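Student: I have the sequence and the model open, but I don't know where to look. Please choose one part and take me through it closely, step by step.

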Amino acid sequence: MNQERIGKFIAERRKIKKLTQAQLAEKLGVSINAVSKWERGLNIPNVSLFKDLCNELDINVNELLYGEKIEKDKYVSCAEENLLILTSQIEKRKKILKNIQKILLLFAIILFISNMIFNSIYGDNWDRSNILYMGYLLMSINFCVAIIISFLSFDKK
């Protein structure tokens, strides 16, 4: 998926439909800056906007993702290409989420162990303004976030 090509295609179709960026943005319920970023290839629209955007521009989702009008004979190959690209992007995001999850769990374990060591040395007589108290709070928050991420994992089978 080529963001620049998609952006140019959105701009081209918007101009064919005689819409300004502001008009398209209003119809889709997004900001003018969002439309501008799409057209400059800095961003692509959110998946939730694909259907409405395609309806406004008189194109289909496959053409949007490909970045140009697709002739009937090329339609299947373009659809397959788009599907492969989207699948690889999903896989990359899964890996990123897994790594974030591992880092958060590791950080939570390190803070938990350091807190246990600190408590075994100083007991319960430590001041709440102490940096380790803040570390313990961060550990608790990180642990909760790690658990939430594990529940939101994409690859539950």
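Tutor: Start with one term: two residues are in contact when heavy atoms of theirs lie within 4.5 Å. Now find Trp 38. Setting aside residues up to four places away in sequence, Trp 38 touches Gln 3, Gly 7, Ile 10, Leu 28, Val 30, Asn 43, Ile 44, Pro 45, Leu 49 and Leu 53. That list is our map. Keep in mind that this is a predicted model.

First, the setting. The protein has 157 residues, and 29% of them are buried. It has seven helices and zero strands. Along the sequence, the pattern is α-α-α-α-α-α-α. Take the contacts between residues at least 6 apart in sequence: 55% of them join residues at least 24 apart.

Back to Trp 38. What larger group does it belong to? The largest nonpolar core has 17 residues, and Trp 38 is among those with the most contacts inside it. Ile 10, Leu 24, Leu 53, Leu 57, Ile 59 and Leu 64 are also on that list. Which helices supply this core? Those giving two or more residues are H1 (3–16), H2 (21–28), H3, H4 (50–57) and H5 (61–66). H4 contributes the most, with four residues. In soluble globular proteins, nonpolar side chains tend to be buried together. Compare the two lists now. Ile 10 and Leu 53 are touched by Trp 38, and both are named among the core residues with the most contacts.

Next, step along to Glu 39. It is found in helix H3, which covers residues 32–39. Is Glu 39 buried or exposed? The cut-off for buried is under 20% relative accessible area. Glu 39 has 12%, so it counts as buried. What does its side chain meet there? One partner is Arg 14: a polar contact of 2.5 Å joins the two side chains. Another is the side chain of Gln 21, at 2.7 Å. Beyond four places in sequence, Glu 39 is in contact with Gly 7, Lys 8, Ile 10, Ala 11, Arg 14 and Gln 21. Gly 7 and Ile 10 also appear on the Trp 38 list.

Now follow Leu 28, another residue that Trp 38 touches. Its C-alpha atom is 6.8 Å from that of Asp 52, although the two are 24 residues apart along the chain. Asp 52 lies in helix H4. It has 41% relative accessibility, so it counts as partly exposed.

Look at the loops around these helices. Gly 29 is in the loop between H2 and H3. Its relative accessible area is 67%, so it is exposed. The C-alpha atoms of Gly 29 and Leu 49 are 9.2 Å apart, with their positions 20 residues apart along the chain. Leu 49 is on the Trp 38 list too.

Two other loops hold an unusual backbone angle to check. Lys 18 lies in the loop between H1 and H2. Its phi is positive, about 55 degrees, although it is not a glycine. Lys 18 is exposed, at 72%. Asp 58 sits in the loop between H4 and H5. It is not a glycine, yet its phi is also positive, about 55 degrees. Asp 58 counts as partly exposed, because its relative accessibility is 45%.

One last stop by ring and charge. The charged end of Arg 5 sits over the ring of Tyr 66, 4.6 Å from the centre of that ring. What about ring with ring? The count of aromatic pairs in the structure is zero.

Now retrace the route on your screen. Begin at Trp 38 and its contacts. Move out to the 17-residue core. Then turn to Glu 39, with its polar contacts to Arg 14 and Gln 21. Finish at the loops, with Gly 29, Lys 18 and Asp 58.

Note on methods
Residues numbered from 1 in each chain as written. Predicted model: local features only at pLDDT ≥ 70, side-chain atom pairs only at ≥ 80, totals over all residues. Heavy atoms only, no water. Phe/Tyr/Trp six-rings, centres within 6.5 Å; stacked < 30°, edge-to-face > 60°. Lys NZ or Arg CZ within 6 Å of the ring centre and 35° of its normal. Buried < 20%, exposed > 50% of the residue type's maximum accessible area, 1.4 Å probe, protein only. Polar contact = N/O pair within 3.5 Å; in protein donor to acceptor, adjacent residues only side chain to side chain. Core = buried A, V, L, I, M, F, W, Y, C linked by side-chain atoms within 4.5 Å.
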